[in-house]
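Here's a quick walk through a small set of computed features. Have the viewer open while you read, and click along as the residues come up.

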Amino acid sequence: MSERPSKRRRVELSLEDKIKLIKESEMFPKLTLKILSEKDGVGKSTIGDIVRKKSAYISHWENNSSPNKSWFNNEMKYRNINKLV
């Protein structure tokens, strides 16, 4: 039997890293998601999500959020329901 491929380690990018990635994708439009993902060591879908949500990341960057922060939306979606239960 063939062995399973090893899993890729989970990598969390900071806000600063995400902004660098967005600027790099804008400066070099020929770079594909695969090239960017191999360069930074994250998955292609992660790169696609970052590029797709670039306006949210840029607005947080401009509002002087912490550059080392990985997650910026910690608000619970169903807070009111949790209080009622």
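What follows goes from the overall fold to the core, the salt bridges and the surface.

## The overall picture

First things first: this is a predicted model. The protein chain has five helices and zero strands, so if you're hunting for a sheet, the pattern to read along the sequence is simply α-α-α-α-α.

Of the 85 residues in the protein chain, 20% count as buried. The chain exposes about 7400 Å², and carbon and sulfur atoms supply 52% of that area. As for contacts, take those in the protein chain with a separation of 6 or more: residues 24 or more positions apart account for 67% of them.

## The nonpolar core

Which residues make up the largest nonpolar core? There are 10 of them: L13, L15, I19, L21, I22, L36, V42, I47, I50 and Y57. Helix 1 (15–27) and helix 3 (44–52) each put in at least two residues, and helix 1 gives the largest share of this core, with four. As background, nonpolar side chains tend to be buried together in soluble globular proteins.

## Helix 3 and its two sides

Helix 3 is a nice one to look at end-on. Its buried residues are I47, G48 and I50. Viewed down the helix axis, these buried residues fall within an arc of 160°, so they line one face of helix 3. Their cover includes helix 1, helix 2 (33–40) and helix 4 (54–62).

Now flip to the face of helix 3 that is turned away from the buried side: the exposed residues there are S45 and R52. R52 has a relative accessible area of 62%, which is over the 50% needed to call a residue exposed. R52 also has a salt-bridge partner, D49, with the closest N and O atoms 2.8 Å apart. Both D49 and R52 sit in helix 3, three residues apart, or about one turn of the helix. D49 is partly exposed, at a relative accessible area of 32%.

## Salt bridges between helices

The structure holds three salt bridges. Besides the pair within helix 3, there's one between E24 and K39, where the closest N and O atoms are 2.9 Å apart. E24 belongs to helix 1 and K39 to helix 2, so this pair ties together parts that are 15 residues apart in sequence. Is each partner buried or exposed? E24 is buried, with a relative accessible area of 17%, whereas K39 is exposed at 53%.

Then there's K54 with E26, whose side chains meet in a salt bridge at 3.4 Å, N to O. K54 lies in helix 4 and E26 in helix 1, so here the parts tied together are 28 residues apart in sequence. K54 counts as partly exposed, at 32% relative accessibility. E26 is partly exposed as well, with a relative accessible area of 45%.

## Around V11

V11 lies in the segment before helix 1. With a relative accessible area of 33%, V11 is partly exposed.

What does V11 touch, once you set aside residues up to four places away in sequence? The answer is G41 and V42. V42 is also one of the residues in the largest nonpolar core. And there's a further distance to try in your viewer: V11 and G43 are 32 residues apart in sequence, yet 9.0 Å apart in space, C-alpha to C-alpha.

## A nonpolar patch on the surface

Not every nonpolar side chain here is tucked away. Y78, I81, L84 and V85 form a nonpolar patch on the surface. Together, these four residues have about 520 Å² of accessible area.

L84 makes a handy landmark for this patch. L84 lies in helix 5 (residues 79–84), and is exposed, with a relative accessible area of 75%.

Terms used. Residues numbered from 1 in each chain as written. Predicted model: local features only at pLDDT ≥ 70, side-chain atom pairs only at ≥ 80, totals over all residues. Heavy atoms only, no water. Patch = residues over 30% accessible without salt bridge, like charges linked within 9 Å, V, L, I, M, F, W, Y side chains within 5 Å. Areas by Shrake-Rupley, 256 points an atom, 1.4 Å probe, with all protein chains shown as cover. Buried < 20%, exposed > 50% of the residue type's maximum accessible area, 1.4 Å probe, protein only. Core = buried A, V, L, I, M, F, W, Y, C linked by side-chain atoms within 4.5 Å. Arc of directions from axis to C-beta. Contact = heavy atoms within 4.5 Å.
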